[in-house]
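I opened a new page for this structure. My plan was to look up cysteines, charged pairs and one helix.

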Amino acid sequence: MQTTLNVNGQTLTRSIEPRQHLIDFLREELGLTGSHVGCEHGVCGACTIRVDGEIVRGCLMLAVQAAGRRVDTIEGLSDSGELAALQDAFHQRNALQCGYCTPGMLIAALDLVRKNPDATRAQIREHISGNYCRCTGYQAIVDAIETVLLANKVARV
Ligand code: FES
Ligand code: FES
């Protein structure tokens with residue numbers, strides 16, 4: 001099915017199998033392998049990407065459903081600098097070990113930073129509760145996100 005969509009600011013037209021999931025299209029057809037695939041059932045959050053500004057599970061959306069929409073992946077959000085503060089905080093706080101969850105976790109965290117700049121630690125935990133991490137125990141991830149929220153708060157006053 002001929003489909004036109006925008007990926008990381010670039011408009012593309014491709015022939016896409018109607019049954020292909022968006023995350024597989026991004027990884028296999030476009031080589032954007034930064035987003036990972038874990039459960040393929042919408043549970044783990046490893047495949048979290050952004051579509052029209054909202055976070056979605058790339059394993060639960062068909063690629064053809066992205067027709068006419070804007071898709072942002074970890075590659076685009078890294079290159080644009082939008083994730084820079086969170087990436088730095090994750091690095092500083094040792095908020096990753098194997099890194100498998102990290103791209104999805106960063107995109108979920110960015111969503112919180114944009115939508116709830118005054119989030120409490122409990123709200124941070126709630127917001128990332130759909131993103132599983134098998135390594136860190138989450139404490140360092142919450143610390144890193146909180147660091148960015150606090151820095152943004154200081155910058156606002
Ligand atoms: S791979 Fe999509 S939620 Fe787990
Ligand atoms: S750092 Fe390994 S799964 Fe999160």
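Before anything else, I fixed a term: helices here are DSSP runs of H or I, at least four residues long, numbered from the N terminus. I also noted that this is a predicted model.

**Entry: helix 1**

I started with helix 1, which covers residues 22–29. Which of its residues are buried? I found Leu22, Ile23, Asp24, Phe25 and Leu26. Next I asked what covers the buried residues of helix 1. The cover includes strand 1 (2–7) and strand 2 (10–15). Strand 3 (48–51) and strand 5 (70–72) are also among the covering elements. Then I looked past the helix end. Gly31 follows helix 1, and its phi is positive, near 70°.

**Entry: cysteines**

A disulfide is a covalent bond between the sulfur atoms of two cysteines. I searched the whole structure and got zero disulfides. I then checked two cysteines for exposure. Cys44 has 13% relative accessibility, so I logged Cys44 as buried. Cys98 comes out at 57%, so Cys98 went down as exposed.

**Entry: salt bridges**

Side chains of opposite charge can pair when their charged atoms come close. How many salt bridges does the rule count here? The count is 12. I wrote up three of them.

My pick from the early part of the page was Arg19 with Glu17. Their closest N and O atoms are 3.7 Å apart. Arg19 is exposed, at 67% relative accessible area. Glu17 is partly exposed, at 46%.

Then I took Asp72 and Arg70, whose side chains meet at 2.9 Å, N to O. Is Asp72 buried or exposed? I have Asp72 as buried, because its relative accessible area is 5% and the cut-off for buried is under 20%. Arg70 is partly exposed, at 36%.

Last came Asp111 and Lys115, which form a salt bridge at 3.0 Å, N to O. Where do these two residues sit? Both are in helix 4 (residues 102–115). They are four residues apart, so about one helical turn separates Asp111 from Lys115. Asp111 is buried, with a relative accessible area of 3%. Lys115 is partly exposed, at 47%.

I closed with a network. Salt bridges with shared partners join Arg50, Arg70, Asp72 and Glu82 into one network. The bridge between Asp72 and Arg70 was already on my page.

Note on methods. Residues are numbered from 1 along each chain as its sequence is written. Chains are lettered from A and ligands numbered from 1 in the order in which they are written. This is a predicted model: local features need pLDDT of at least 70, side-chain atom pairs count only at pLDDT 80 or more; totals for chains, interfaces and linings use all residues. Side-chain values use heavy atoms; hydrogens and water are left out. A disulfide is a pair of cysteine sulfur atoms within 2.5 Å. Buried means under 20% relative accessible area, exposed over 50%, partly exposed in between (1.4 Å probe, protein chains only). A salt bridge is a side-chain nitrogen of Lys or Arg within 4 Å of a carboxyl oxygen of Asp or Glu. Contact means heavy atoms within 4.5 Å.
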